[in-house]
Amino acid sequence: MSSHRPVFRHPNLPANDLGYTRRDYEGLDSTLCAGCGHDSISNAIISACFELSIAPHRIAKISGIGCSSKTPAYFLGKSHGFNAVHGRMPSVATGANMANRDLLYIGVSGDGDTASIGMGQFVHATRRNINMVYIVMNNGCYGLTKGQDSATADKGSASRKGRPSPFEAIDLCETAVQMGAGFVARGFSGDKDHLIPLIKAAIKHKGFALVDVISPCVTFNNTATSTKSYHWVRDHMEATAAVDFVPMEKEITAEYQQGSATTITLHDGSRLDLHKSDSTFDVTDRQAAIKALEDHREQGQILTGLLHINHGLEDTHDILDTTATPLNTLTQKELCPGNEVLAEIANTYR
Amino acid sequence: MNKLASVNDFVIRFANMNGSGSASANSLFAKAVFRMGIPVSPKNIFPSNIQGLPTWYEVRICEHGYLGRRGGYDFAVAINGQTLKRDYTDLLPGGYFLYDATRPLDQTYDREDITLIGIPLTKICNQNIENPKLRPLLKNIIYVGALAALFDMDFSVLTDAITKQFAKKPKLAAPNINCLEIGYNYASEHFKDICDLKITSKKILDRHILMDGNAATGLGAVYGGATVAGWYPITPSTSVVEAFDTFTKKYRLDDAGKRRAAVIQAEDELAAIGIAIGAAWNGARAFTATSGPGVSLMSEFLGLAYFAEIPVVLMDIQRVGPSTGMPTRTQQSDILTCAYASHGDTKHPLLLPASPFECFDMAADSFDLAEALQTPVILVSDLDLGMNDHITQPLKWDHAKTYNRGKVLDHDQLENLDWTWGRYLDKDKDGVCYRTYPGTHPEKGAYFTRGSSHDEFARYTEDGRVYKRCMDRLDKKWQTTRTMMPAPEIRMTDHKALAGVIFYGTTADAMNEAVDLLAAQGCHLNTLRLKAFPFQDAILEFIQAHDQVFVVEQNRDSQMRTLLINEFNLDPARLVPIPYVEAIPIDAAFICRSIRHNTEQAPRTDKGDAS
């Protein structure tokens with residue numbers, strides 16, 4: 001065990017609207033390496049869910065295999081979790097979502113789990129627009145098997161093993177935009193102030209929401225030659241518009257001057273305020289998002305922040321035209337057509 | 001020449017090109033025979049192709065009720081030039097050869113022991129049908145009309161069938177009926193009394209239906225309460241999910257017209273079963289359907305569902321393996337891969353239907369079994385059962401039956417528990433533990449599902465003793481499983497018989513006939529039809545009660561025999577393999593030959609050597 005949360009809690013911990021304290025959103029102690037970026041992401045998930053006042057038991061956490069996929073044990077201990085098989089988190093999340101459309105599904109995966117073995121499931125979950133938050137803890141390497149390059153390792157980037165990666169890197173955000181994702185963002189585990197609003201916005205977005213989080217592997221891929229190290233990312237990160245997430249119930253007057261912010265109203269009435277800097281682009285424009293990602297890649301920079309949003313899309317349930325009632329609550333009376341119908345069907349086979 | 005002669009007992013083989021619309025014409029013929037009350041068994045022998053390759057449709061008409069393949073054919077409808085010679089050569093002596101006489105047969109077609117029935121089908125079409133696009137389709141209808149005349153069939157049965165088929169498009173009915181009449185009149189005029197094969201109405205079948213196993217399986221999933229299906233298209237399983245989709249669209253809508261089912265076509269078989277597992281974990285009844293290659297791909301997930309104890313249903317419609325094998329031909333060769341699918345110590349309950357009636361029943365029951373046992377259940381059907389029409393008892397649903405959702409704790413039960421719950425804690429000592437659905441209770445019942453080793457409270461463990469406890473409990477659950485599976489169908493036709501035969505699935509039709517044929521030759525056999533795995537003691541008792549036990553199945557390696565030997569720890573000599581490897585449905589003549597060969601040659605072994 002590398003990180004122990006202190007047992008002591010302040011007696012007057014602040015509670016959210018449901019009366020839960022932040023502690024109610026925590027999980028077991030992490031067994032990841034000290035300083036692992038993934039633990040920061042777990043904490044950002046905890047903060048986002050706590051601050052949004054989502055009842056922990058109404059969340060299902062689903063993961064694949066790898067260091068990243070172990071983290072659901074370390075957050076949201078009151079939620080059901082499912083550690084599936086390698087690369088298959090998206091299909092399990094898809095099925096779970098079909099069974100009960102009323103829960104919040106947080107999928108956690110890594111770059112090996114998503115960009116290699118699970119690439120097919122990742123792109124198809126994106127295409128179907130499953131209503132879920134898909135978080136990739138992206139460190140450019142296979143940590144659990146001791147640091148082999150993953151498919152998101154940038155060409156030329158060298159991990160502790162020293163050999164520069166000879167292959168083209170897969171940009172999951174760009175792929176997701178191409179696959180029609182309605183919400184695509186990139187965060188950095190070293191910048192929680194930036195990451196938490198992204199996760200909150202992803203949670204509130206209806207449909208598939210990808211948050212690709214660069215999360216340095218302190219043990220195998222935090223070298224000076226790696227483009228996924230804390231140093232490199234800090235030096236080469238360029239954020240798009242800063243994002244403020246404004247829940248519906250806490251609508252506030254603009255803290256920023258009119259004209260400098262773009263406001264996007266989400267499905268449930270919550271708001272995203274984007275504060276433009278000179279370098280930003282129209283995040284609702286799919287082509288602009290891809291161009292911005294490509295431009296930054298060419299310049300050796302990592303574009304972070306909200307990269308693309310299209311909040312008017314139908315999710316899988318809309319597309320399949322399923323009933324509003326969660327399928328897992330339907331009764332036999334609603335499911336079994338009975339004997340009369342069976343006789344009617346049999347007649348068509350005479 | 002002795003012309004073949006019979007009433008309601010012969011085999012007709014249609015040779016066509018696939019994609020030419022022949023399937024619907026041929027099934028129109030089979031359905032007409034069925035509606036005349038005569039047992040009929042149509043088998044589509046088709047290529048893995050959409051258009052242009054040879055396809056055959058074999059219809060056995062048998063008023064004695066034997067529905068397996070008989071072997072050989074008495075009447076050929078040879079419409080495909082590509083296979084004309086072969087269809088001609090293989091026709092039984094005394095048989096009848098109907099061909100398109102627009103082009104005459106060359107001099108190599110010189111058999112003197114058959115009757116030629118040349119009808120200039122193409123020419124008739126060109127003369128009578130204006131729209132050239134419709135000609136190939138209606139040509140098939142013309143020969144069906146001709147058959148009605150040759151076999152002295154009740155013509156109105158065919159016209160009624162057409163009317164019924166086109167009830168929604170009456171405009172299409174008229175040209176079809178017209179073509180039936182053209183064919184009928186041509187044959188009546190030119191070939192009157194030439195054919196001594198006849199079909200006469202006889203109400204042998206009364207309440208029966210003519211249905212394919214896959215439709216029955218899909219419908220069983222509807223009645224069994226399945227709400228989520230993840231699937232990936234693969235012959236011959238595709239029509240299972242298509243049936244589920246169609247039936248739920250029609251019979252499973254809410255008041256707003258929204259669907260009470262989610263059918264997701266996945267990107268591959270891995271995702272297909274992943275979707276079903278995710279849904280089942282979350283409290284929905286869920287399934288997927290596939291064939292051999294898909295079972296191979298799903299094996300990893302099946303191991304997860306076994307170890308994490310998730311009640312998922314898999315319908316495996318077997319086809320010829322290994323590898324791609326023959327996608328459109330039938331076999332029973334997934335037995336071992338299904339029984340022990342996935343790495344590590346795994347085993348899965350199997351259901352083995354032999355008719356569409358059982359497909360429906362077992363598909364519905366599979367969800368009860370899966371949820372009661374919290375484990376994957378595999379319904380093992382095959383292409384012959386799944387894709388061919390079979391005469392079957394009308395489907396039945398027990399009105400009093402209620403779904404067995406298994407051990408699931410709801411909010412109030414969690415609230416009032418007087419024991420410490422653990423997801424994998426064997427409270428009832430039957431190996432089956434209590435599960436909870438996500439979202440049930442704010443404070444209680446959450447757990448972490450994993451395919452990694454876990455203790456009673458679903459916590460990760462690398463403690464070998466805890467691991468062993470878990471594996472031993474799963475084995476205990478296997479013993480519970482044994483008591484819940486359908487019992488074998490045992491027929492002790494002769495209590496003094498020294499030989500018994502074990503079989504399962506679609507071998508049943510041919511076996512019923514073979515047993516009668518052998519009995520007529522003085523070779524009496526008791527039979528046992530397996531309906532499920534794991535095996536009950538009654539099966540062992542049957543084996544021990546006979547000197548010689550044959551296991552008849554449609555695969556090379558006698559997989560069910562291996563499974564029986566392994567599970568009952570039998571001396572392999574106790575079970576005589578009768579493997580059938582020809583990739584078309586097994587026939588009674590083969591079984592008779594094989595069993596006679598063994599009964600005449602094999603030395604007797606001692607009984608009761610199972611340990």
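How many strands form the open sheet, and in what order? Let's take that one straight away. There are 9 strands. The order runs S9(A)-S13(A)-S7(A)-S8(A)-S4(A)-S3(A)-S1(A)-S2(A)-S17(B), and the pairing is mixed. Remember as we go that this is a predicted model.

Now the edges. Strand S9 of chain A, residues 237–239, stands at one of them, and strand S17 of chain B, residues 448–450, also stands at an edge. Each has a single partner strand, so one side of each is left without a neighbour in the sheet. From one strand to the next, the twist averages 20 degrees.

Let's zoom in on one pair. Strand S7 of chain A covers residues 183–188, and strand S8 of chain A covers 208–214. They pair in the parallel sense, over 6 bridges. Take A:Val184: its bridge partner in S8(A) is A:Leu210.

A helix joins the picture. Helix H1 of chain A, residues 37–51, packs on the sheet. H1 touches strands S1, S3, S4 and S8 of chain A. The direction of H1 makes about 155 degrees with that of S4(A).

Over to chain B. The chain is divided into domain 1 (6–198), domain 2 (211–392), domain 3 (411–482) and domain 4 (489–601). The C-alpha centres of domains 1 and 4 of chain B lie 36 Å apart. Their contact takes 8 residues from domain 1 and 10 residues from domain 4. On the domain 1 side, those residues divide into 3 nonpolar, 2 polar and 3 charged.

Last, confidence. Chain A averages a pLDDT of 90, and 91% of its residues score at least 70. Over residues 250–259 of chain A, though, pLDDT stays under 50. Where pLDDT is low, don't read the predicted coordinates in detail.

Terms used: Residues numbered from 1 in each chain as written. Chains lettered and ligands numbered in written order. Predicted model: local features only at pLDDT ≥ 70, side-chain atom pairs only at ≥ 80, totals over all residues. pLDDT = per-residue confidence, 0-100. Contact = placed C-beta atoms within 7 Å. Domains from an automatic or database assignment. Nonpolar A, V, L, I, M, F, W, Y, C, P; charged D, E, K, R; others polar. Pairing = 2+ DSSP bridges. Helix = DSSP H or I, 4+ residues; strand = E, 2+ residues; numbered from the N terminus. Axes fitted to C-alpha atoms, helices over the stretch in contact; angles between N-to-C directions.
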